[in-house]
Amino acid sequence: GEGEREAAVSLTRVLLREAEDGISLLSEDQPGTLGADEQEAVSKVLSLKCSSVVLSAAIPGTLVFTKHVFSFTADESLEQFQNNAYLATYTVINGRWDYEDVRAVFTRRYLHQPNALEIFFADRSSVFLVLESSKEVRMAVKQLPKVGVGSHFGLPQTRAISLSSPEVLVKKSPMTDCWERREISNFEYLVFLNAIAGRSYNDLNQYPVFPWILADYTSKELDLNDPKVYRNLKKPVGALSASKLEHLEVRLSNWEESDIPPFLYGTHYSTMAFVLHWMVRVEPFASMHIGFHDGMFDHGSRAFHSMLQSWNACLENTSDVKELIPEFFYLPQMFLNSNQFSLGRVAPWGEDDDEGEVVDNVVLPPWAPSAYEFVRLHRKALESEYVSANLNNWIDLVFGYKQRGKEAVKAKNTFYHLTYPGSVKLDTISDPKMRKGLEDQICQFGQTPFQLFREPHPVRHKLLKGLPPQPTQSLGSSEPSLVASLQVSPDVPIVLVQLCSSGSPSSPPSSFPSSSSSSSSHSLAP
């Protein structure tokens, strides 16, 4: 009842004072003057030291489980909290949640270590918690409801699913089959892959990654039926320009570092700095950007100024290989300087900044008269036939078999070794300075998503073209005529084609299964 809940809350305050040793599990025979209901609440309490990852910061505190609720309370005396307290305006730092509101539980990695979990709630909020070991992650999952990773991905809602690796989850989920059969959109499938591979909106160092789709930012009209307007999805961003790739390969051929594995790209396609670069006009990213650049906005010449400029940088700048983020396909506000920030001017270094163009709203291509129209067309391009037919190639590079090893070398897709999961075990490093240095490098160089596929990703089924105009001649006529013409993809099996003269179709022949038994569907609803 309510008294029991109040007892649990009051007990939480006691636990916060007694949790200095990490894990403290209170038993029923603990001395005190608690009543029967309070004693029952005591026996259900687990306290763990952990940190809550809030965008750019990991804030230490305590995670407490009671019978009906669990909570995270930050240690407000620490510098990590004081430097990031402003984030409480935009997201939850100290939180308290009912178990009945939990909708999905994912195990996660933080700085490549398997010691974190991400919990999603009914109100679509979430929390990313880093514990001290994978053992404590399992302990926390056992305290949470059996919800798996939610009901969206066609997986059993069990704790075993929550504790499963990303590779196991993607194999067991029907989502890849759904995408192949065009039951879900390209956008939905990319969201699924990012979620399973450990990408999170709560951690800027592991932010969801989406591909550059278009290569035309100069035309007045955008013809989405023309393959020339699209980016080559078979190549990583760093290999799209032959001259840029040649320069990088010359450097690789002269490799002299014996203690560092050779790599083609010294920067990554997804880092915290790149997320802040794209989102500089939107809070709280603007404030984080200022903090990232010592209390001021970065020089205007390096700001996100125009789509054409950003695309050209990917083709020409050897240190620019960044991909996009999901907001490019649904958030027009990221292109508008609605807050009237002073973002500087676009002027080359060494020249008078007052002579350069003011950085304000993002300069969009001529085919997009507004930010809203840009997002609409950009999303339409993502769902185009060209992208549908080639997206599997990009998935191979980022989430698949060309991400690592010999295939990555062949695909010109190798990055600094510390960007890959499993590259370092921080808990085996006793020197705090060395560990801190490695943590900083992981944050600086970016983090590659968890590898989901070991074989080439399936190709999406081709879209069936529409039927020609219906014949005007009736089916009862004695004259022969064309009744229907079907253009069929060999990738899509036909179970039954039935033509009817009028009214509702008759029952299918007994040799065919009924539509209800032959069709296969997977519910993606919560």
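User: Of the contacts in the chain with a separation of 6 or more, what percentage comes from residues 24 or more positions apart?

Analyst: Happy to start there! This is a predicted model, and in it residues 24 or more positions apart account for 62% of those contacts. As for the overall make-up, the chain has 17 helices and 10 strands, and 46% of its 526 residues count as buried.

User: Let's take a helix. How do I read which residues of helix H11 are buried?

Analyst: Here is the general idea. An α-helix has 3.6 residues a turn, so residues three or four places apart point the same way. Now look at H11, which spans residues 285-292. Its buried residues are Phe285, Ala286, Met288 and His289. These four cover an arc of only 160° around the axis, which puts them on the same side of H11.

User: Which helix do the buried residues of H11 pack against?

Analyst: They pack against helix H10, residues 272-278.

User: And what follows H11?

Analyst: Asp294 comes after the helix, and its phi is positive, near 55°.

User: Now a strand, please. How many residues of strand S8 are buried?

Analyst: A general point to keep in mind while viewing strands: in a regular strand the side chains alternate between the two faces of the sheet. In S8, residues 126-130, 4 of the 5 residues are buried, so to speak a mostly covered strand.

User: Which strands pair with S8?

Analyst: Strand S7, residues 113-121, runs antiparallel to S8 and is joined to it by 5 bridges. Glu118 stands opposite Phe128 in S8. Strand S2, residues 46-54, also pairs with S8 in the antiparallel sense, over 2 bridges. There, Ser52 stands opposite Leu129.

User: What lies between S7 and S8 in their hairpin?

Analyst: You will find 4 residues between the two strands. Arg124, in the turn, has a positive phi of about 75°.

User: How do I read empty space, and how much of it lies in the second largest pocket?

Analyst: Rolling a probe the size of a water molecule over the atoms shows where empty space is left. In this model the second largest pocket holds about 1,100 Å³. Of the 36 residues lining that pocket, Phe120, Arg124, His152, Phe153 and Val191 are the closest to its centre. You have already met Arg124, in the turn of the S7 and S8 hairpin.

User: Which element gives the largest share of that pocket's lining?

Analyst: Helix H8 does, with 6 residues. H8 (186-196), strand S6 (102-110) and S7 each supply at least two residues of the lining. By class, the lining of the second largest pocket has 22 nonpolar, 8 polar and 6 charged residues.

User: How many cavities of 30 Å³ or more are there?

Analyst: The count is 3. The largest cavity has about 80 Å³ of space. Its lining has 13 residues, with Pro236, Val237, Tyr269, Glu323 and Asn413 nearest the centre. That lining divides into 9 nonpolar, 2 polar and 2 charged residues.

User: Which residues line the second largest cavity?

Analyst: That cavity has a volume of about 60 Å³. The residues around it are His277, Val280, His289, Phe297, Asp298, Ala303, Phe304 and Leu343. They divide into 5 nonpolar, 2 polar and 1 charged. Look for His289 there: that residue is also one of the buried residues of H11.

Technical notes:
Residues numbered from 1 in each chain as written. Predicted model: local features only at pLDDT ≥ 70, side-chain atom pairs only at ≥ 80, totals over all residues. Heavy atoms only, no water. Buried < 20%, exposed > 50% of the residue type's maximum accessible area, 1.4 Å probe, protein only. Arc of directions from axis to C-beta. Contact = heavy atoms within 4.5 Å. Pairing = 2+ DSSP bridges. 1 Å grid on protein atoms, 1.4 Å probe; cavity = no way out; pocket = protein on both sides within 12 Å on 5 of 7 lines; lining within 4 Å. Points joined across faces, edges and corners; volume = space filled by probe spheres on them. Nonpolar A, V, L, I, M, F, W, Y, C, P; charged D, E, K, R; others polar.
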